[in-house]
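Trainee: Could we go through a structure together? I'd like to ask what stands behind each label.

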Amino acid sequence: MKRILFSLACLFAVFQMVAQPSGGVYTLADLATLLPNAIQVTSPNHYRIMQNVTLEPQDTLLLQTTDEYVLVDNGKEITILGSLQTQERTTPLLIQGDSMQNNYFEIYFESTSLSTLKKVHVQYCQHIKLINSAIHIESCEFDHFSDHVISYLNCDPVIENSYFHDNQACAIQSAINTDGCPRILNNVFYNNVLANTNNPQINIGPGTNDTIFIVGNRIEGVASTMSGGIGIANLTNPAITKVVVRDNVITHNRYGYTQNGYRISSLIADNQFIENDLEVNPNNGGSGISIYGYDTTCAAKLRHNLITGNLWGVTAIYYHHVDMGTEDDYGYNLLYDNGNGGVEYELYNNASSNMNAVGNYWGCDNEAAAEAVIFHQADNASYGLVHYEPIYVVEPEITAFDFLMENNPELEYYGDMHGTITADDTILFYVGCMVPDLRHIYPTITKPLWVTVTPDETEAQDFLGDEVNNSVLYTAATPHQSTRTYVVRVNIEGAVPENELTKINLTPNPVSQDYFKINNPTDEEYAWTMLSADGKMVMNGVATQGNQTISTNHLQKGMYLITFQHKKQFLTKKLIVQ
């Protein structure tokens with residue numbers, strides 16, 4: 001199709017306007033005025049693009065907060081040679097093609113200066129192409145594209161906090177002979193590659209000038225049995241492609257992550273590869289992680305990944321340099337319940353290269369059981385040897401249980417409290433008779449990697465329910481649900497009942513005169529200390545039975561803390577001097 005291009009410089013001549021210097025800033029309303037045959041205002045803040053439109057290099061298009069809707073006719077092209085900027089907005093701007101037709105519109109960014117696309121929802125589009133362009137895409141939504149959503153050539157786009165779903169092809173793609181290092185951060189990819197082609201939802205070629213970051217994303221398949229999660233390939237580029245894949249959840253795809261070719265150096269850490277098992281023929285793949293090296297320059301370092309429910313856990317094919325852990329740097333990868341045809345395959349070294357895979361959990365607690373799920377030279381002499389001992393055994397345990405001030409304002413004047421774990425799995429806290437308010441407090445729980453604890457740290461508990469020996473149960477569990485239950489108990493020490501101590505009062509409080517009184521109705525004597533807000537002692541004394549008058553003439557205005565103590569019993573009260 002031949003493009004019909006409208007440049008703003010030509011428009012000034014057409015409309016007999018005064019020549020505009022480069023660097024003009026235009027809105028959609030401006031363009032509708034300048035290009036009535038190409039852009040039409042259909043209602044306030046609603047626009048229809050009826051012909052191809054090009055923004056020239058010297059110009060900027062500003063998408064305003066008042067813009068609500070743009071309808072683009074089928075087959076039309078929007079080309080940005082200048083800069084596109086999006087104002088901060090609370091609701092997305094919808095840019096939409098005609099869903100009743102198959103010939104969707106196209107968007108091109110070509111050799112642009114820095115552009116921003118934020119809070120924009122694009123649907124029923126063919127594709128968005130980024131060519132030699134700097135662009136930041138944030139908090140956008142892309143759905144029902146007829147082709148790949150975003151493809152890039154020789155540029156490093158930043159794509160974050162966006163939602164890609166229900167598209168026919170890849171969500172993000174580059175050519176195998178391009179160069180670019182995108183940053184793909186904290187996005188959701190759901191149900192893409194609906195054409196059911198052999199492509200991942202994120203399909204990346206070589207990047208040489210920087211590092212490719214794929215971090216914090218959720219990549220979930222639904223309908224396509226052929227689509228994968230992430231694919232990295234370097235088949236032709238002579239330089240090293242550096243990749244960081246971290247903190248992603250990749251689930252229900254044909255495979256999780258695949259790396260293919262030469263000169264790739266990747267760090268794959270802290271990810272979850274779960275139930276990537278849609279491939280009906282396990283001989284065609286279905287791995288949580290697959291490293292296919294054309295030579296040993298294809299390198300991958302795997303640390304702290306959860307890999308479960310896939311047809312294969314980790315597969316290494318042809319040549320490679322894979323590091324899954326050494327004796328000095330354990331892998332701490334968790335692999336279990338990966339398999340097909342009734343056989344469990346946690347690691348398959350289908351290559352002549354040797355591999356280190358020390359310090360990983362293989363769904364078992366001994367080396368003999370680990371050997372049964374690791375396929376390597378011991379099973380076939382042509383395979384490389386896997387060094388996997390010692391293994392990492394996951395035990396259901398809590399190693400520390402604390403109440404910390406940073407999570408509990410109630411402890412501001414008492415300090416951190418650390419539990420004592422006994423041999424019978426009881427976690428004890430020893431406190432004085434006057435304890436802080438522990439009825440709605442968040443614990444800090446330390447546990448081994450991959451162990452979960454219920455209830456977790458985000459759930460406040462009442463640790464003082466009966467005011468003497470209240471118990472709260474915590475259960476630690478491994479991924480295979482081996483469990484261990486701990487009893488958390490607060491032991492209150494002291495000889496005097498709490499209700500006697502709480503009768504000590506400070507009046508008036510706040511202090512509006514030049515004194516306050518300590519009223520002690522008990523028959524005990526309590527040493528007391530007054531601290532300023534910065535922790536300096538300003539007064540002390542002994543509270544005997546009855547009323548005592550304390551002068552405040554020498555005190556500055558502010559908050560003070562008075563702590564009363566007798567043996568192991570204590571009580572802290574705030575005093576405000578006005």
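**Strand pairs and empty spaces**

Mentor: Sure, and keep in mind that this is a predicted model. Let's begin with a single contact: phenylalanine 403 has methionine 417, in S44, as its bridge partner.

Trainee: What makes S43 and S44 (residues 417-418) a pair?

Mentor: Pairing takes at least two bridges. S43 and S44 have two, in the antiparallel sense, so they count as paired.

Trainee: And why are S43 (residues 400-403) and S47 (residues 444-446) called a pair?

Mentor: Three bridges join S43 and S47, again antiparallel, so the cut-off of at least two is met. Aspartate 402 is bridged to threonine 444 in S47.

Trainee: Now the spaces. Why is the one lined by Leu61, Ile78, Ile80, Leu84 and Ile95, among others, called a cavity?

Mentor: In a cavity, a 1.4 Å probe fits but cannot get out. The largest cavity has a volume of about 270 Å³, and those five are the closest to its centre of the 21 lining residues. S4 (53-55) is among the elements that contribute to this lining, and S4 gives the most, three residues.

Trainee: How do you know what character the lining of the largest cavity has?

Mentor: Sort its residues by type: 20 are nonpolar, one is polar and none is charged.

Trainee: What about the largest pocket, how much space lies there?

Mentor: About 720 Å³. Of its 31 lining residues, Arg254, Thr258, Asn284, Ser290 and Tyr292 are the closest to the centre. S34 (312-318) is one of the strands supplying at least two lining residues, and its four are the largest share. By type, the pocket lining has 14 nonpolar, 16 polar and one charged.

Conventions
Residues numbered from 1 in each chain as written. Predicted model: local features only at pLDDT ≥ 70, side-chain atom pairs only at ≥ 80, totals over all residues. Heavy atoms only, no water. 1 Å grid on protein atoms, 1.4 Å probe; cavity = no way out; pocket = protein on both sides within 12 Å on 5 of 7 lines; lining within 4 Å. Points joined across faces, edges and corners; volume = space filled by probe spheres on them. Nonpolar A, V, L, I, M, F, W, Y, C, P; charged D, E, K, R; others polar.
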